[in-house]
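Here are a few friendly notes to read with the model open beside you. Take the points in order, and find each residue on screen as you go.

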Amino acid sequence: MELVLSLSSATLFGGEVAKALPESKKSLMQDTKCVGASLEIQGTRSLLCNHRPEFKNEMKFHNSTFEIQQLILITSQFVRSFFMGLLQPEILDLEEGSGETGEISNRCLVGKILAQKTLNLQGVTNILKSSWKTRANFTIALWSSSVFLFRFEDEEDCNEVLKDGPWSVMNNLLVLKPLGKGEVIQSMDFSSCPFWVQIHGLPVDKMSRANAEIIGKCFDKLLAIEGGPEGLLLHRSFLRIKVNINLSLPFPKGFWLKKKSPGNSDIWISYKFEKLSDYCYACGRVGHEKKGCRFISREAGETSCYGPDLRAPKARPCPVPVEEFKKQVD
């Protein structure tokens, strides 16, 4: 059977690409004689001949359909890679914008609301205008689904809002992050959030700064400890630490304190998370309710022991220092 390879599609592709190229690159295509029919006569013929020398003098074959298809595939790949090389995007060096670029980033926060449905921008605005007691005005822009850009007129307002978090909108957790200079919002990570954690049930002799640090290391990252640098922390009935929580995992409920005296049973030490929004009582994660949980079965959810006891309101002010950690404590 005699088959003739048709190159009309390659010719058409070459012509359409030529129309889209800038003048500087059209001349390159003219020089290589790969526009229109020249592509068919020279580019493709030479390619095929390199792969199959017996086709040097003609473009007719007496081979199987499979071999013809393979040659067509090779030709197509060559044509596409050649023209795509000419269509590589430009690399641009853009201006920084106004002289206020750095100042603007210092007065911006980006937040994501972990909710099962998208919330109305006006509703979000009304709630946060009421919750955030700022001295100056701030604006809210819906950046993408459930992600918002908050721009403050006063930098101190921005810092206070971030410091006093976490916040909730319609009982859904709002994860806030500072906007760094040159940072792309679409690339920001909202998988963690800082919380103040109250540690309840400790014996008095265990309520020390050293033990607060030991417990804090059990979390994703220890951010701060409330209390003096040494000795017992007896200004409250519980220890209080600020930690970073990995939101992809269940909230920890507490731990067992091993008793060293023989005959005494271990003591359950419980955690309470300040300003914790609604969360799933089945799996212990935020972002969905128990009836919509996909992480564990309904039967397992009934015995998970999660409930409202994991929440706590913000602790009342206390005249003790707060030791903050800029880096992870070893």
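1. Start with the overall make-up. This is a predicted model, and its secondary structure comes to 9 helices and 14 strands. Of the 330 residues in the protein, 38% are buried.

2. Next, look at how the chain meets itself. Among contacts with a separation of 6 or more, 68% are between residues 24 or more positions apart. The accessible surface of the protein is about 19,800 Å², and carbon and sulfur atoms account for 53% of that.

3. Now go inside. The largest nonpolar core has 39 residues, and the members touching the most others are F195, F219, I241, L247, F251 and F273. Elements that give two or more residues to this core include the strands β3 (108-113), β5 (147-152), β7 (172-178) and β8 (192-200), together with the helix α8 (209-216). The strands β9, β10 and β12 (267-274) are on that list too. Apart from this core lies another one, of 17 residues, with W132, F138, F148 and L176 among them.

4. F195 is a good residue to click on. Leaving out residues up to four places away in sequence, F195 touches I241, L247, F251 and F273, among others. Its partners also include P166, L173 and V243, as well as the charged-letter neighbours K242, E274 and K275.

5. Is L119 buried or exposed? L119 sits in the loop between β3 and α6 (121-131). Its relative accessible area is 11%, under the 20% cut-off, so L119 counts as buried. Not counting residues up to four places away in sequence, L119 touches I113, V124, F148, V169, M170 and N172. One of these partners, N172, is 53 residues from L119 in sequence, yet their C-alpha atoms are 9.9 Å apart in space.

6. For a contrast, turn to L232, in the loop between β9 (221-226) and β10 (239-246). L232 has a relative accessible area of 45%, which lies between the 20% and 50% cut-offs, so this residue is partly exposed. Together with V204 and L234, L232 makes a nonpolar surface patch of about 280 Å².

7. Finally, check the annotation against the model. UniProt, in an unreviewed entry, lists residues 280-294 as "domain: CCHC-type". How much helix and strand does the span have? In the model, residues 280-294 are 0% helix and 0% strand, and the C-alpha atoms at the two ends lie 10 Å apart.

How values were computed
Residues are numbered from 1 along each chain as its sequence is written. This is a predicted model: local features need pLDDT of at least 70, side-chain atom pairs count only at pLDDT 80 or more; totals for chains, interfaces and linings use all residues. Side-chain values use heavy atoms; hydrogens and water are left out. Patches are made of residues with over 30% relative accessible area and no salt bridge: like charges are joined within 9 Å, nonpolar side chains (Val, Leu, Ile, Met, Phe, Trp, Tyr) within 5 Å. Accessible areas come from the Shrake-Rupley method with a 1.4 Å probe; for residues, only the protein chains shown count as cover. A salt bridge is a side-chain nitrogen of Lys or Arg within 4 Å of a carboxyl oxygen of Asp or Glu. Helices (H or I, at least four residues) and strands (E, at least two) are DSSP runs, numbered from the N terminus. Buried means under 20% relative accessible area, exposed over 50%, partly exposed in between (1.4 Å probe, protein chains only). Contact means heavy atoms within 4.5 Å. A nonpolar core is a set of buried Ala, Val, Leu, Ile, Met, Phe, Trp, Tyr and Cys residues joined through side-chain atoms within 4.5 Å. UniProt positions are given in the numbering used here, feature names are shortened, and annotations may be inferred rather than shown by experiment.
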